[in-house]
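Trainee: I should like a close look at one part of this model, namely the pairing of its charged side chains. Please place that part in its setting as you go.

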Amino acid sequence: MADGVLSPGVNLEAFSQAISAIQALRSSVTRVFDCLKDGMRNKETLEGREKGFVAAFQESLHSVSRDLGELERLSNLVGKPSENHPLHNSGLLSLDPVQDKTPLYSQLLQAYKWSNKLQYHAGLASGLLNQQSLKRSANQMGVSAKRRPKAQPTTLVLPPQYVDDVINRIDRMFPEMSIQLSRPNGTSAMLLVTLGKVLKVIVVMRSLFIDRTIVKGYNENVYTEDGKLDIWSKSNYQVFQKVTDHATTALLHYQLPQMPDVVVRSFMTWLRSYIKLFQAPCQRCGKFLQDGLPPTWRDFRTLEAFHDTCRQ
Amino acid sequence: NVSQVPVAEGKSVQQTVELLTRKLEVLGAEKQGTFCVDCETYHTAAATIGTQGQTGKLMYVMHNSEYPLSCFALFESGPCLIADANFDILMVKLKGFFQNAKANKIETRGTRYQYCDFLVKVGTVTMGPSARGISVEVEYCPCVIANDCWSLLMEFMQSFMGSHAPGLPSVFGTKHDSIYSPSDTMVQYMELFNKIRKQQQVPVAGMR
């Protein structure tokens, strides 16, 4: 190790000479300041005093510059300490002769290896997660935090006309589902989705992002007393409270910030599978009821019906 | 949403009701007070039969505690009229056309249970002073299309009635996928009451 640190170019002789040159330089500098501090000594005449002072000052400055020159000459001889050690100056720790008492160097190497590995694995993980960008959480990991706010405004300020078009297209896609769009509070749209004669869903949108959904029974009132959509109260029936919970889960599942219209469409496709809420038995246990509730869960990919406790 | 279940057991009516309610309570159903459905029979008066050449029809006037402000008037196979509760007073005025067959008054009283979104009403059917049978009404409130949730209802009824769970009520067959209404419940009660009245003439073994 020592060889690596003190490369052959280093002249030990010059090294010791340089150290003594530094000492000489320091003493001569000290003498300059001593001379300045003492000022003009008592001499017979004023002229003599000045002359003596200037001569002494000049001489000490000369010796400083001489010593400095000497140091510079020696420093060239010493040569530069090698910089090609992979750990730079921390490599010098390996010179510590008492390894047993201060195992700093080996610890340092281990920490270095560990952090290297961590970085490698984190890189792999972020690559994998980015491929499945349907999920909101995955996107947050992949895209740096700084980039997100920049990307959002573009999809947040879609013209209302575009939102209307997307909703209209979805409305036409599913005959058993009717969608009523209204804008009671400015530009944000609210949808009242009626699915067959099974249920009604209130969907609160922000541009094309779905902010909130509430599922209620077909025969339940979805309006407040003053005739507005009631977006706060929940259903009186346990089934629809459960379905509301699942719909909120679905909102978090279907996320694709670059293509908000796809998100809305996949959510509606998923929602449509509730047309058989009371008719489909659980795909796992084969029964209709569990704790008095029908299968309220619909798989996100296959749209199969499951009881809440029967899905995995 | 609703189906009526006549239960004639080997035991007394009282015992069977107790057995049923105990099973419901074990399931986790909560007691929610009582209920009552009554039915009065009216004959069309002789005067109208002759002039219009019709055979005598029976009309039933029913009340259901679930709809305290309403009164239901039904013909055996015909339309169902839903009126305000003071319809009874009108019937008194129409004495000339409809005559009340007082002896035929029949009613069912019992306890109302709730289990999740199910409403279960177990009642004892009485005609005059004697208990004639048991009625069980099961309603699944969230669903408005009766046929949609029939298999689900069936599974629930089997869970506490076992093999006595009924077949598909005839009202369901004609309804297809229209919305269930209170009058459908009343039609089912009417059919049940008629069945129980007939049992009176041919006493079933075990009916005490």
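**Charged pairs and their surroundings**

Mentor: A:Lys37 is exposed, with a relative accessibility of 62%; in this usage, exposed means over 50% relative accessible area, buried means under 20%, and partly exposed lies in between (1.4 Å probe, protein chains only). This is a predicted model, in which local features need a pLDDT of at least 70 and side-chain atom pairs count only at pLDDT 80 or more, while totals for chains, interfaces and linings use all residues; side-chain values use heavy atoms, with hydrogens and water left out. Residues are numbered from 1 along each chain as its sequence is written, and chains are lettered from A and ligands numbered from 1 in the order in which they are written.

A:Lys37 forms a salt bridge with A:Asp34, at 3.6 Å from N to O. A salt bridge here is a side-chain nitrogen of Lys or Arg within 4 Å of a carboxyl oxygen of Asp or Glu. Side chains of opposite charge can pair when their charged atoms come close. A:Asp34 and A:Lys37 both belong to helix α2 (residues 12–38) of chain A, and because they are 3 residues apart, about one helical turn separates them. Helices (H or I, at least four residues) and strands (E, at least two) are DSSP runs, numbered from the N terminus. A:Asp34 itself is partly exposed, at 34% relative accessibility.

Helix α3 of chain A holds a pair with this spacing too: A:Glu70 and A:Arg73 are 3 residues apart, and so are separated by about one helical turn. The closest N and O atoms of their salt bridge are 2.8 Å apart. A:Glu70 is partly exposed at 34%, and A:Arg73 is partly exposed at 43%.

A third bridge joins A:Lys242 to A:Asp308, with the closest N and O atoms 3.1 Å apart. A:Lys242 lies in helix α8 (residues 238–253) of chain A and A:Asp308 in the segment after β6 of chain A, so this pair ties together parts that are 66 residues apart in sequence. Both partners count as partly exposed, A:Lys242 at 25% and A:Asp308 at 26%.

In chain B, B:Glu66, B:Arg112, B:Lys121 and B:Glu137 are joined into one network by salt bridges that share partners. B:Glu137 sits in strand β8 (residues 130–140) of chain B and is buried, with a relative accessibility of 2%. The side chain of B:Glu137 also makes a polar contact of 2.6 Å with that of B:Tyr189. A polar contact is a pair of N or O atoms within 3.5 Å; within protein, one must be able to donate a hydrogen and the other to accept it, and residues adjacent in sequence count only if both atoms are side-chain atoms.

Over all chains, the structure holds 11 salt bridges. Across the interface of chain B and chain A, however, the rule finds 0 salt bridges. The two chains have 6 residue pairs in polar contact, both residues being at pLDDT 80 or more. On the side of chain B that touches chain A, helix α4 (residues 150–161) of chain B gives the largest share, 4 residues. That side divides into 13 nonpolar, 2 polar and 4 charged residues; Ala, Val, Leu, Ile, Met, Phe, Trp, Tyr, Cys and Pro count as nonpolar, Asp, Glu, Lys and Arg as charged, and the others, Gly among them, as polar. In contact terms, 19 residues of chain B meet 17 residues of chain A, contact meaning heavy atoms within 4.5 Å.

A word on confidence completes the account. Chain A averages a pLDDT of 82, and 83% of its residues score at least 70; pLDDT is the predictor's confidence in each residue, from 0 to 100. Among the elements of chain A, the mean pLDDT is lowest in helix α1 (residues 2–5), at 43, and highest in strand β5 (residues 297–298), at 93. Residues 1–8 of chain A have a pLDDT below 50, and this stretch has 10 contacts in the model beyond near neighbours in sequence. Where pLDDT is low, the predicted coordinates should not be read in detail.
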